[in-house]
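Here is a friendly walk through a protein chain, written as a set of numbered notes. Keep the viewer open and look up each place as you read.

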Amino acid sequence: GQSNRRSEGDAEGRGVVIHRGAEFIVTAGLVACAQPTVGRAPNAERMHDVRESIRIAADYAADRLLIPEGRSRGDYDITTGEWLDYEPAWHTGQVVAGLLGAHDVLGGDRDLERAKDGADWFIGLRMDEPPALNGLLRAWHDEANPRITMTTLTDGAAPIFEVHRRTGDPAILDALRGAGDWMIDLYIPERRMFYDVITADGRVMGRDLPMDPSINKDDARYGTEGSFYAHLYRATGDEKYLRYFLEPAEQMVADQQNGVWPHLRPNDPQTGSLHGRFNVWYAEAMLEAYDLTEDQKFLDAALATARAYAAFPDPDGTMYYKHRLDGWRSLQSPSGSVLAFTGVLWLRLSRLGYDEFDPLIERAVEWLLANQYPVDHPDPNLAGAYLEFWTKVEDGDFRVYQRDIATAFGLRFLSDYLKAHGKAVGAAR
């Protein structure tokens with residue numbers, strides 16, 4: 001591994017920090033990958049620091065990450081100072097999840113109101129035209145790629161179900177149930193998977209059309225990201241939906257290798273590269289299946305993922321957009337969302353009695369606290385966010401993106417952390 005390189009006297013993380021192995025310099029007050037203390041017991045000072053961090057990040061999410069109508073702005077191009085609207089349904093859902101977590105621990109109405117704005121925007125994606133897509137939600141990637149992926153919709157919808165549970169708004173459940181009923185037609189019983197990619201005119205890649213290798217090489221996935229049909233079952237009480245969650249979950253247990261699912265993209269079966277959040281999505285679905293059935297094999301699968309990911313963080317806690325089981329990681333893309341989402345998984349297992357993850361949880365908490373842009377950062381599009389860089393070379397141009405999902409998942413994890421320690425609701429801000 002490579003060490004952090006920091007200028008002497010930079011104890012507060014101010015000034016210039018060269019991120020470990022990356023080909024760019026971070027300036028203007030960002031704390032980059034500061035060294036945390038492992039295993040420190042949560043005390044009153046820690047709880048205060050976490051709560052204050054959540055307050056700052058929630059204000060940023062409510063004011064900056066969502067437009068007034070409730071849609072996520074997406075990723076922020078630091079190079080140009082512009083926002084990149086990409087997979088808006090999925091990104092909006094993740095920001096909603098973060099705001100709901102903040103509402104749990106901060107109290108007050110504002111975060112819930114903004115989460116409701118996000119849910120209203122999300123269900124506003126319901127389609128009437130073309131007739132082949134009637135009832136589906138337009139969860140496309142962007143205007144230039146108007147394809148709909150089932151997994152974008154299902155994982156983005158999980159927090160929208162929670163907004164319905166808290167508000168009782170029947171329009172939310174009606175829209176989600178309509179989309180769920182539409183997607184049942186994508187199910188492949190003999191494979192216990194779903195076709196995943198739908199074109200703008202309602203045709204299904206892999207079934208009605210050959211797969212476009214520029215989009216994906218997998219014609220089907222499990223459809224369990226976000227545990228959509230588990231949530232639909234809980235919300236409606238209709239047991240017909242359980243099949244479409246539990247059968248794929250059974251297949252996932254059979255297909256898991258070394259705690260991950262290397263055969264499915266965005267994992268790369270050729271190089272062994274693992275997408276940071278992808279396998280955690282599936283591990284989270286394993287825990288949902290365990291909650292529904294109390295079948296140990298689902299818990300064992302989630303544990304296998306959590307233990308595999310325990311080897312990924314660097315000594316200072318940094319995780320990256322991609323890893324491999326042999327220890328390689330994509331040093332140019334430190335990822336707060338990967339760390340925070342893995343923290344959500346570790347924390348959930350810790351609450352089931354697996355305290356082996358507690359030092360990792362504490363280190364993840366400290367990493368997020370240390371790697372939050374200060375509120376007085378000169379760029380208001382960064383002030384209060386948690387760190388996540390995504391670097392790309394596009395048409396010969398070098399781009400550095402700050403990803404909104406670091407804040408979305410960071411809020412979710414830190415809020416879960418406070419709730420796990422009995423700090424559920426605080427004074428409204």
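**Notes on the model**

1. Let us begin with a single side chain: that of Ser-330 reaches the backbone nitrogen of Lys-322 at 3.1 Å. Please keep in mind that this is a predicted model. Where does Ser-330 sit? You will find Ser-330 in the loop between β13 (322–323) and α10 (336–351).

2. Is Ser-330 buried or exposed? Its relative accessible area is 4%, and buried means under 20%, so Ser-330 is buried. If you set aside the neighbours within four places in sequence, Ser-330 is in contact with Tyr-320, Tyr-321 and Lys-322. Lys-322 is thus a residue to click on twice, as its backbone nitrogen is the atom that the Ser-330 side chain reaches.

3. Now move to Leu-331, which is placed in the loop between β13 and α10. With a relative accessible area of 15%, Leu-331 is buried because the cut-off is under 20%. Try a distance in your viewer: the C-alpha atoms of Leu-331 and Tyr-321 are separated by 8.5 Å, and these two residues are ten apart along the chain.

4. For a contrast, turn to Pro-359 in helix α11 (residues 358–370). Its relative accessibility is 37%, which lies between the 20% and 50% limits, so Pro-359 counts as partly exposed. From the C-alpha atom of Pro-359 to that of Trp-346 the separation is 10.0 Å, with their positions 13 residues apart along the chain.

5. Next, look at a pair of helices. The axes of helix α5 (residues 170–183) and helix α6 (residues 228–236) come within 11 Å and cross at roughly 130°. That angle is between 115 and 145 degrees, and α5 and α6 are therefore oblique to each other. The crossing of α5 past α6 is left-handed.

6. Which residues make this meeting? On the α5 side they are Leu-173, Leu-176, Arg-177, Gly-180 and Met-183, and on the α6 side Phe-228, Tyr-229, Leu-232, Ala-235 and Thr-236. Sorted by class, the contact has seven nonpolar, two polar and one charged residues.

7. Stay with α6 for a moment. The buried residues of this helix are Phe-228, Tyr-229, Ala-230 and Leu-232. What covers them? The cover includes α4 (150–167), α5, β9 (193–195), α7 (243–255) and α8 (278–293). After α6 comes Gly-237, which has a positive phi, near 75°.

8. A second helix pair brings back α4. Helix α2 (residues 88–106) packs with α4 at an angle of about 35°, and their axes are 8 Å apart. Here too the note on handedness reads left-handed, for α2 passing α4. The α2 residues that meet α4 include Ala-89, Trp-90, Gly-93 and Leu-100, while Thr-152, Pro-159, Ile-160 and Val-163 are among those on the α4 side. By class, this contact of α2 with α4 has eight nonpolar, five polar and four charged residues.

9. Finally, zoom out to the chain. How many helices and strands does the chain have? There are twelve helices and 15 strands. The chain has 429 residues, of which 59% count as buried. Among contacts with a separation of 6 or more, 67% come from residues 24 or more positions apart.

Note on methods. Residues numbered from 1 in each chain as written. Predicted model: local features only at pLDDT ≥ 70, side-chain atom pairs only at ≥ 80, totals over all residues. Heavy atoms only, no water. Helix = DSSP H or I, 4+ residues; strand = E, 2+ residues; numbered from the N terminus. Buried < 20%, exposed > 50% of the residue type's maximum accessible area, 1.4 Å probe, protein only. Axes fitted to C-alpha atoms, helices over the stretch in contact; angles between N-to-C directions. Parallel < 35°, antiparallel > 145°, perpendicular 65-115°, else oblique. Left-handed = near helix turned anticlockwise from the far one by under 90°. Contact = heavy atoms within 4.5 Å. Nonpolar A, V, L, I, M, F, W, Y, C, P; charged D, E, K, R; others polar. Polar contact = N/O pair within 3.5 Å; in protein donor to acceptor, adjacent residues only side chain to side chain.
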